[in-house]
Amino acid sequence: MSKRQVSTDSAPPPGGAYSQAIVAGAFVFLAGQAPFTPDGEKVEGSFTEQARHTFANLAAVAEAAGGTLADAVRVGVYLRDMRDFAEMNEIYREYIPEPLPARTTIQTELPGFAIEVDAILHIAS
């Protein structure tokens with residue numbers, strides 16, 4: 001099986017030694033996205049603003065890979081504060097349609113932002 005790197009200027013560049021996404025067969029592995037602009041500037045503001053920006057970044061990388069968030073089969077959500085869970089869940093439903101993918105949501109120490117999201121897509125040929 002071959003793999004292909006995906007890169008787009010519509011989402012922030014990687015902040016380390018990783019790709020925005022990798023396509024491997026019918027699967028697309030989207031790296032974690034956070035509330036940053038495509039030029040790498042951190043989005044300041046409410047949790048809602050940060051979350052919407054994060055999901056928009058994830059959608060941009062999915063599109064660059066030839067898919068959409070409707071193709072998600074697994075999503076990982078990382079929150080700095082679990083009190084944001086209900087609000088995240090509402091925003092999540094704006095970006096992730098039925099049938100909902102498998103999901104894990106965990107609390108973690110994020111470095112200066114409130115949310116990060118990654119995903120695995122399955123794109124049928």
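**Figure 1. Phenylalanine 55, a buried ring in helix H1.** Start with phenylalanine 55: its relative accessible area is 0%, so it counts as buried. Keep in mind that everything shown here comes from a predicted model. The ring of phenylalanine 55 pairs with the ring of tyrosine 95, and the two are stacked, with 5.5 Å from centre to centre and 15 degrees between the planes. This pair ties together distant parts of the chain, since phenylalanine 55 belongs to helix H1 and tyrosine 95 to helix H2, 40 residues apart. Tyrosine 95 has a relative accessible area of 25%, so this partner is partly exposed. Add Tyr92 and you have one aromatic cluster made of Phe55, Tyr92 and Tyr95. Tyrosine 92 has a visitor too: arginine 103 lies over the face of its ring, 4.4 Å from the ring centre.

**Figure 2. Phenylalanine 27 and phenylalanine 29, a tilted pair.** The count of aromatic pairs in this model comes to four. One of them joins phenylalanine 27 to phenylalanine 29, with 6.4 Å between the centres and 35 degrees between the planes, which makes the pair tilted. How open is each ring? Phenylalanine 27 comes out at 36% relative accessibility, so it is partly exposed. Phenylalanine 29 is partly exposed as well, at 38%.

**Figure 3. Helix H1 from end to end.** Helix H1 covers residues 47-64, which is 18 residues. From the first C-alpha to the last it reaches 26 Å, close to the 26 Å expected at 1.5 Å a residue. Look along H1 for its buried residues: Phe47, Gln50, Ala51, Thr54, Phe55, Asn57, Leu58, Ala60, Val61 and Ala62. What lies over them? The cover includes strands E1 (3-6), E2 (21-24), E3 (27-33), E4 (72-79) and E6 (115-122), along with helix H2 (85-95). Just past the end of H1, glycine 66 takes a positive phi of about 95 degrees.

**Figure 4. The largest nonpolar core.** This core has 29 residues, and Val28, Leu30, Val75 and Ile115 are those with the most contacts inside it. At least two core residues come from each of E2, E3, H1, E4, H2 and E6. H1 gives the largest share, seven residues. Zoom in on valine 75 and, leaving out residues up to four places away in sequence, you find it touching Tyr92, Ile96, Pro101, Ala102, Arg103, Thr104, Val117, Asp118 and Ala119.

**Figure 5. Alanine 65, in the loop after H1.** Alanine 65 sits in the loop between H1 and E4. Is this loop residue buried or exposed? Its relative accessibility is 9%, so alanine 65 counts as buried. Apart from neighbours within four places in sequence, its contacts are Arg4, Val6, Val23, Val28 and Ile123. Alanine 65 and leucine 121 are 56 residues apart along the chain, yet their C-alpha atoms are separated by 9.6 Å.

**Figure 6. Threonine 48 in helix H1.** Threonine 48 is part of helix H1. Its contacts, setting aside neighbours within four places in sequence, are Glu87 and Ile91. Between the C-alpha atoms of threonine 48 and aspartate 84 there are 9.1 Å, with 36 residues separating the two along the chain.

**Figure 7. Serine 19 and its polar contact.** Serine 19 lies in the loop between E1 and E2. Which side chain does it meet through a polar contact? The partner is glutamine 5, at 3.2 Å. Leaving out neighbours within four places in sequence, serine 19 is in contact with Gln5, Pro14 and Ala31.

**Figure 8. A cis bond at proline 99.** Between H2 and strand E5 (102-107) runs a loop, and proline 99 is found in it. The peptide bond leading from glutamate 98 to proline 99 is cis, with omega near -10 degrees.

**Figure 9. Threonine 108, between E5 and E6.** Threonine 108 has its place in the loop between E5 and E6. At 28% relative accessible area, it is partly exposed. Its contacts, apart from neighbours within four places in sequence, are Tyr78, Leu79 and Arg80. Glutamate 49 is 59 residues away from threonine 108 in sequence and 19 Å away in space, C-alpha to C-alpha.

Conventions. Residues are numbered from 1 along each chain as its sequence is written. This is a predicted model: local features need pLDDT of at least 70, side-chain atom pairs count only at pLDDT 80 or more; totals for chains, interfaces and linings use all residues. Side-chain values use heavy atoms; hydrogens and water are left out. Helices (H or I, at least four residues) and strands (E, at least two) are DSSP runs, numbered from the N terminus. The expected span of a helix is 1.5 Å times one less than its number of residues. Buried means under 20% relative accessible area, exposed over 50%, partly exposed in between (1.4 Å probe, protein chains only). Contact means heavy atoms within 4.5 Å. A nonpolar core is a set of buried Ala, Val, Leu, Ile, Met, Phe, Trp, Tyr and Cys residues joined through side-chain atoms within 4.5 Å. Rings of Phe, Tyr and Trp (its six-membered ring) pair if their centres lie within 6.5 Å; planes under 30 degrees apart count as stacked, over 60 as edge-to-face and the rest as tilted. A charge sits over a ring if NZ of Lys or CZ of Arg is within 6 Å of the ring centre and within 35 degrees of the ring normal. A polar contact is a pair of N or O atoms within 3.5 Å; within protein, one must be able to donate a hydrogen and the other to accept it, and residues adjacent in sequence count only if both atoms are side-chain atoms.
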